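This report describes selected residues and a helix pair in a single protein chain. The sequence and the structure are shown first.

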Amino acid sequence: MSELPADVRAFLREHPSLRLQPDSRKVRCILTGHELPCRLPELQVYTRGKKYQRLVRASPAFDYAEFEPHIVPSTKNP
């Protein structure tokens, strides 16, 4: 993230559900799976959207992605 502008880096720190893809200059939302260009105006518009705001309020604070090989999502209760 060192080649990113300071304002984009600060924005990504404020929104932990947005992760920078390592091989490209894209950002992926872990809540919805959307991929966005790594530009501040697009990221701001996306985070102000209804779907993102609803998922941020409803999402649990714990991130299970780091335990993914051992924990799999339920097929009966998403």
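Histidine 15 is buried, because its relative accessible area of 18% is under the 20% cut-off. In this predicted model, histidine 15 is placed in the loop between helix 1 and strand 1. When neighbours within four places in sequence are left aside, the contacts of histidine 15 are Thr47 and Tyr52.

The first of these partners, threonine 47, belongs to helix 2. Threonine 47 is likewise buried, with a relative accessible area of 5%. Although threonine 47 and histidine 15 are 32 residues apart along the chain, their C-alpha atoms are separated by 8.6 Å. Not counting residues up to four places away in sequence, threonine 47 touches Phe11, His15, Leu18, Tyr52 and Gln53. The side chain of threonine 47 also reaches the backbone oxygen of glutamine 44, at a distance of 3.1 Å.

Serine 17 is another residue of the loop between helix 1 and strand 1, the latter spanning residues 18-20. With a relative accessibility of 9%, serine 17 counts as buried. A polar contact of 2.8 Å joins the side chain of serine 17 to the side chain of tyrosine 52. Beyond its neighbours within four places in sequence, serine 17 is in contact with Arg28, Cys29, Ile30, Leu31 and Tyr52. Tyr52 is thus a contact of serine 17, of histidine 15 and of threonine 47.

Isoleucine 30, one of the contacts of serine 17, is situated in the loop between strand 2 (26-29) and strand 3 (35-37). What is the exposure class of isoleucine 30? Isoleucine 30 counts as partly exposed, because its relative accessibility of 42% falls between the limits of 20% and 50%. From isoleucine 30 to alanine 65 the C-alpha distance is 9.0 Å, with their positions 35 residues apart in sequence.

The accessibility values of the four residues are collected below.

| Residue | Relative accessibility | Class |
|---|---|---|
| Histidine 15 | 18% | buried |
| Serine 17 | 9% | buried |
| Threonine 47 | 5% | buried |
| Isoleucine 30 | 42% | partly exposed |

The helix that holds threonine 47 packs against helix 1. Helix 1 comprises residues 6-14 and helix 2 residues 40-47; their axes lie 10 Å apart and form an angle of about 25 degrees. How are the two helices oriented towards each other, roughly parallel or roughly antiparallel? Helix 1 and helix 2 are roughly parallel, because angles under 35 degrees are classed in this way. Their crossing is left-handed. On the side of helix 1, the residues that take part are Asp7, Val8, Phe11 and Leu12, and these meet Leu40, Leu43, Gln44 and Thr47 of helix 2. Sorted by class, this contact consists of five nonpolar, two polar and one charged residues.

The chain as a whole gives the setting for these details. Three helices and three strands are present, and their order from the N terminus is α-β-β-β-α-α. The chain has 78 residues, of which 21% count as buried. Among contacts in the chain with a separation of 6 or more, 30% come from residues 24 or more positions apart.

Key: Residues numbered from 1 in each chain as written. Predicted model: local features only at pLDDT ≥ 70, side-chain atom pairs only at ≥ 80, totals over all residues. Heavy atoms only, no water. Axes fitted to C-alpha atoms, helices over the stretch in contact; angles between N-to-C directions. Helix = DSSP H or I, 4+ residues; strand = E, 2+ residues; numbered from the N terminus. Parallel < 35°, antiparallel > 145°, perpendicular 65-115°, else oblique. Left-handed = near helix turned anticlockwise from the far one by under 90°. Contact = heavy atoms within 4.5 Å. Nonpolar A, V, L, I, M, F, W, Y, C, P; charged D, E, K, R; others polar. Buried < 20%, exposed > 50% of the residue type's maximum accessible area, 1.4 Å probe, protein only. Polar contact = N/O pair within 3.5 Å; in protein donor to acceptor, adjacent residues only side chain to side chain.
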